[in-house]
Amino acid sequence: MTALTLQNVNKSFGKVEVLKDINIEVEDGEFVVFVGPSGCGKSTLLRVIAGLEDVTSGEVRIGGELMNLTPPSKRGIAMVFQSYALYPHLNVRKNMSLALKQEGQSKQVIDERVAKASKMLNLEPYIDRYPSELSGGQRQRVAIGRAIVREPKLFLFDEPLSNLDAALRMNTRLEIANLHQQLDASMIYVTHDQTEAMTLADKIVVLRDGRVEQVGSPMELYNNPANQFVAGFLGSPSMNFFPASLIGESADITTGIRPEDLFLTDDGPISAQITHVEHLGGDTNVIAQMQDHQITARLFGQHQVTAGQPVRFGYAVDRTYRFDPQGVRLS
Amino acid sequence: MNKARTNPLNTTAMHGALILYTLIALFPVFVIIINSFKTRRAIFREPLALPDADSFSLIGYQTVMKQGDFFLYFQNSMIVTVVSLTFILLFGAMAAFALSEYRFKGNLIMGLYLALGIMIPIRIGTVAILEMMVATGLVNTLWALILVYTAQGLPLAVFILSEFMRQVSDDLKDAGRVDGLSEYTIFFRLVLPLVRPAMATVAVFNMIPIWNDLWFPLILAPAEETKTLTLGSQVFIGQFVTDWNAVLSALSMAILPVLVLYVIFSRQLIRGLTSGAVK
């Protein structure tokens, strides 16, 4: 069964079209990540699914039921917000139990679910504290707990990690992945961070300017991008693009090579001048200038190269991508 | 920390200026209070002297208590001020919430229309207001004053509060919606507590002009049983003879309740309960 179906969803604010003809399916238990640059409409799409915005046209079905006009609380969803959005005047326990009280659950059920969620998220020591007495990471866990207790069909995460520092972000990312395994619920996760998208997703939806650019598993998108935008958006450092004429092909084709597919070799076809070297220990990023195009190579291990040095890069021809002038991938 | 800010010379100068301003502001109040405790002759002989054994007298307070229904006036003023403030804050906040939260046709026009009230003094419409009150039979009732003061206070209240409500995190309101709270619960339980400092500001701004107003009580409710304190005190001011003891005593007593209300609101001004709500 499908947890969520979006059919020809359009959304405009006045004359501004924010979402254009979106068609997405989310299967039961699937972890779907919406990713795209800021302003691409991914948060609006999430709010449409949550019922916080109405669609201008199209259908939103959750668990098979048409939900276009259903208020958020009746959609069987729970949402985790970027800014946590905890109720400042309620303690952790009450923050988590408020929605259940609104649903009219019995006290026994409420206590049971709150206890289960707080155990799962290690929130037991803080259960009687107020949001102002918690650290950022703890607040985020309370926000997640508030979603879990509702036992929704669909979890919605709106950039839940972007307010956390780097170390905490990685831990919380793992926690969310664990949570997904334990709960076996469908989750939709919005982020602009491609690392989060690649690591968490069963399925990634890449959005740009209110349109779906490509849908697929992380490796599918990485290995087989449909266009230049998706190719450049996923992967870090991002893919190198340059006119194919530089490697002796037709001039109106753009060639793309991932930085990890370039290697140093004395007789490689690409000759360039190194402008910058990033030694990361495990690997080395070499930024070089090829005529007036900057290219980045990600070399495994440590390499003794310095800025200003001329180098030649080689690559395997089957690891190159070719795009037409509109950015569509050519096979 | 900025070095200039912690410089002791600057701190002294800053406090000096503030203390000077406080003294200037409090001086008239001080003169009123000391003179209210003096005999009539002492008031005129040495207006700035503190009351001593010779000049001490409670005659003013006795006159006030005896003459006129001072407690009734007091009660009238209190009812008018408190009820008007309640209405201004309640309706002002509701209108501000609607303007800042919902997208609807004419939102901007409505906001501008409400803001227009800030620029046009309500007293221009006195004659029309009086005619309206006569027609509705509200003349010489406290409701006449309450309605006028509420109308007078709403534009500024809506203007200030809608600005503050725009700053309340959208996520918080949306979290409430996802959790199944009604719009009223979101307004009363989530948004109002977060804009409490702004509410207190609006309350203080509106309270003092309402309490001190002489114009509308004189025109709309001059009857004995609806006189406000300010209007009631006027009986001691005559065309030829003024009972200064009584006027000063009445004024001294009139200061007290505003002071109490002010203290209540200013505590809210300072208290910041918002931390930890978002981020």
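# A walk through a two-chain model

Let us begin inside chain A, where strand S14 (residues 270-279) and strand S17 (residues 310-314) run antiparallel to each other and are joined by four bridges. One of these links can be picked out by residue: Ile270(A) has Phe313(A) in S17(A) as its bridge partner. Keep in mind as you look that this is a predicted model.

Now widen the view to the sheet around this pair. Which strands make up the open sheet, and in what order? There are five of them, arranged S13-S17-S14-S15-S16 in chain A, and their pairing is antiparallel. Strand S13 (263-264) and strand S16 (293-300) of chain A stand at the edges; each has a single partner strand, so one side of each is left without a neighbour in the sheet.

Next, take in chain A as a whole. Its secondary structure amounts to eight helices and 19 strands. Along the principal axes, the C-alpha atoms of chain A fill a box of roughly 75 × 45 × 35 Å. Of its 331 residues, 38% count as buried. Looking at contacts in chain A with a separation of 6 or more, 63% come from residues 24 or more positions apart.

How confident is the predictor here? Chain A has a mean pLDDT of 91, and 100% of its residues reach 70 or more. Among the elements of chain A, strand S3 (residues 31-35) has the highest mean pLDDT, at 95, and helix H5 (residues 166-183) the lowest, at 88.

The domain assignment splits chain A into domain 1 (2-230) and domain 2 (241-330). The C-alpha centres of these two domains of chain A are 38 Å apart. Where they touch, domain 1 of chain A provides five residues and domain 2 of chain A provides eight residues. On the domain 1 side of this contact in chain A, three residues are nonpolar, two are polar and none is charged.

For a single residue to visit, try Ser132(A), found in the loop between helix H3 (107-120) and helix H4 (136-148) of chain A. Is Ser132(A) buried or exposed? It counts as partly exposed, because it has 15 C-beta neighbours inside 10 Å, while 20 or more would be needed to call a residue buried. Ser132(A) also shows how a chain can fold back: Asn91(A) is 41 residues away in sequence, yet their C-alpha atoms are 9.3 Å apart in space.Now cross over to the partner chain. In the contact between the chains, 23 residues of chain A meet 19 residues of chain B. Strand S6 (77-80) and helix H2 (92-103) of chain A each supply at least two residues to the chain A side, and H2(A) gives the most, with four residues. By class, this side of chain A has 15 nonpolar, seven polar and one charged residues.

Chain B is also assigned two domains, domain 1 (3-57) and domain 2 (68-270). Their C-alpha centres in chain B lie 30 Å apart, and the contact takes seven residues from domain 1 of chain B and seven residues from domain 2 of chain B. On the domain 1 side, helix H2 (8-36) and helix H3 (40-45) of chain B each supply at least two residues.

Our last stop is helix H11 (residues 196-212) of chain B. Its 17 residues reach 25 Å from the first C-alpha to the last, close to the 24 Å expected at 1.5 Å a residue. The buried residues of H11(B) include Ala198(B), Met199(B), Ile210(B) and Trp211(B).

Conventions:
Residues are numbered from 1 along each chain as its sequence is written. Chains are lettered from A and ligands numbered from 1 in the order in which they are written. This is a predicted model: local features need pLDDT of at least 70, side-chain atom pairs count only at pLDDT 80 or more; totals for chains, interfaces and linings use all residues. Domain bounds come from an automatic or database domain assignment. Two residues are in contact if their C-beta atoms, placed from the backbone, lie within 7 Å. Ala, Val, Leu, Ile, Met, Phe, Trp, Tyr, Cys and Pro count as nonpolar, Asp, Glu, Lys and Arg as charged, and the others, Gly among them, as polar. pLDDT is the predictor's confidence in each residue, from 0 to 100. The expected span of a helix is 1.5 Å times one less than its number of residues. A residue is buried if 20 or more other C-beta atoms lie within 10 Å of its own, exposed if 12 or fewer, and partly exposed in between; C-beta atoms are placed from the backbone. Two strands pair if DSSP finds at least two bridges between them.
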